[in-house]
Amino acid sequence: MKEKDARKDRIYADPLSKVGGFVFDESVAHVFDDMIRRSVPCYAMTLSLMPLIAQRYAQKNSTIYDLGCSLGAGLAAIARSLPKGTSLVGVDNSQSMLNRCQINLQDAIPEKKWSLKCSDILDLDITNASVVILNFTLQFIPLESRLPLLSRIAKGLEPGGVLLLSEKIRFEDENTQQGLTDLHHDFKKANGYSDLEVSQKRAAIENVLIPESIQEHRERLNQAGFDHSEVWLQCFNFASLLAIKASD
Ligand code: GEK
């Protein structure tokens with residue numbers, strides 16, 4: 001089998017007698033790049049625009065965190081737009097993801113100072129940060145742990161530092177929610193997923209990925225200690241927000 005075919009996501013292609021809850025195991029890590037690109041409408045654009053934001057907000061000699069870094073795409077995307085003396089830290093609790101992330105970053109940014117940590121991001125110390133990335137990760141964190149996590153991020157950021165938060169979102173209005181969910185499924189089918197794959201994946205993530213509205217995110221960011229937050233990208237039911245801790 002060609003390398004590209006071997007890395008194609010077919011996890012839900014065959015009917016399963018029981019669809020278990022989604023986990024970031026070896027089989028997912030193996031096809032993850034293909035899975036996320038064919039499933040998240042704005043994924044590539046998010047990565048391509050993040051360097052511009054990082055360039056503006058990253059501070060000399062600070063630490064840049066990517067929480068839930070998966071295969072390292074976020075760190076690889078922004079690394080070259082960072083000022084001197086920055087160190088990059090990727091954190092994920094899936095060792096399968098980090099094994100591949102290690103290889104990817106060795107290839108992509110050999111000249112940079114980076115390290116990886118296998119840890120629950122809820123247990124992580126965040127200090128001297130100027131940019132923190134949560135790219136489609138907060139959605140997997142239990143609801144009650146989201147505010148404590150964001151508060152620790154806000155505390156660990158230097159004045160003027162930012163959080164880049166991307167999430168699947170939901171809409172209060174039922175028709176809007178249904179319409180944008182349908183469009184998201186159309187996007188997945190246009191990228192080659194079958195109806196069966198879409199419905200089995202949906203069942204797998206139902207109690208694992210909990211989306212919230214943009215308003216809920218913005219209110220929580222404010223409560224956590226961020227001074228401003230703004231949506232900078234939205235595609236169907238996915239959005240990226242920039243949350244800023246004001247300079248002193
Ligand atoms: C990207 N940011 O390519 N602690 C640490 N890691 C976690 C936790 C946790 N509590 N919960 C989930 N993860 C990436 C994409 S994927 C998004 C991020 C998706 C990790 C999990 O192992 C996985 O690697 C990542 O968060 C979420 O830009 O699959 O939709």
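The following exercises, each with a worked solution, deal with the ligand site, the strands and selected residues of a predicted model.

Residues are numbered from 1 along each chain as its sequence is written, and side-chain values use heavy atoms, with hydrogens and water left out. In this predicted model, local features need pLDDT of at least 70 and side-chain atom pairs count only at pLDDT 80 or more, whereas totals for chains, interfaces and linings use all residues.

**Exercise 1. The ligand shell**

Determine how many residues surround the ligand and how they divide by class.

Step 1. Taking a residue as near if one of its heavy atoms lies within 4 Å of the molecule, one finds 19 residues around the ligand, and the closest are Tyr-43, Gly-68, Ser-70, Asp-92 and Asn-135.

Step 2. By class, the shell has 9 nonpolar, 8 polar and 2 charged residues, where Ala, Val, Leu, Ile, Met, Phe, Trp, Tyr, Cys and Pro count as nonpolar, Asp, Glu, Lys and Arg as charged, and the others, Gly among them, as polar.

**Exercise 2. Polar contacts of the ligand**

Find the distances that Asp-120, Asn-135 and Gln-139 make to polar atoms of the ligand, and state how much of the ligand the protein covers.

Step 1. A polar contact is here a pair of N or O atoms within 3.5 Å. The side chain of Asp-120 places an N or O atom 3.0 Å from a nitrogen atom of the ligand, while a polar backbone atom of Asn-135 is 2.9 Å from a ligand nitrogen atom.

Step 2. For Gln-139, a polar side-chain atom lies 3.5 Å from an oxygen atom of the ligand.

Step 3. On its own the ligand has 650 Å² of accessible area, of which the protein covers 94%; such areas come from the Shrake-Rupley method with a 1.4 Å probe.

**Exercise 3. The neighbours of strand E5**

Describe how strand E5 is covered and how it pairs with E4 and E7.

Step 1. Helices (H or I, at least four residues) and strands (E, at least two) are DSSP runs, numbered from the N terminus. In strand E5 (residues 157-168), 10 of the 12 residues are buried, that is, under 20% relative accessible area, as opposed to exposed (over 50%) or partly exposed (in between), with a 1.4 Å probe and protein chains only.

Step 2. Pairing requires that DSSP finds at least two bridges between two strands. E5 pairs with strand E4 (residues 129-135) in the parallel sense over 6 bridges, and Asn-135 has Ser-166 as its bridge partner in E5.

Step 3. From E4 the chain passes through helix H6 (residues 143-156) to E5 in a right-handed β-α-β crossover, meaning that, with the strands pointing away from the viewer, the path from the first strand over the helix to the second runs clockwise.

Step 4. Strand E7 (residues 238-244) runs antiparallel to E5 and is joined to it by 7 bridges, with Ser-240 in E7 as the bridge partner of Ser-166.

**Exercise 4. Two residues with positive phi**

Locate Ser-70 and Asn-128, and decide whether each is buried, partly exposed or exposed.

Step 1. Ser-70, although not a glycine, has a positive phi of about 50 degrees; Ser-70 is found in the loop between strand E1 (63-67) and helix H4 (73-78), and counts as buried because its relative accessibility is 13%.

Step 2. Asn-128 likewise has a positive phi, near 50 degrees, and its place is in the loop between E3 and E4; with a relative accessible area of 34%, Asn-128 is partly exposed.

Technical notes:
Polar contact = N/O pair within 3.5 Å; in protein donor to acceptor, adjacent residues only side chain to side chain.
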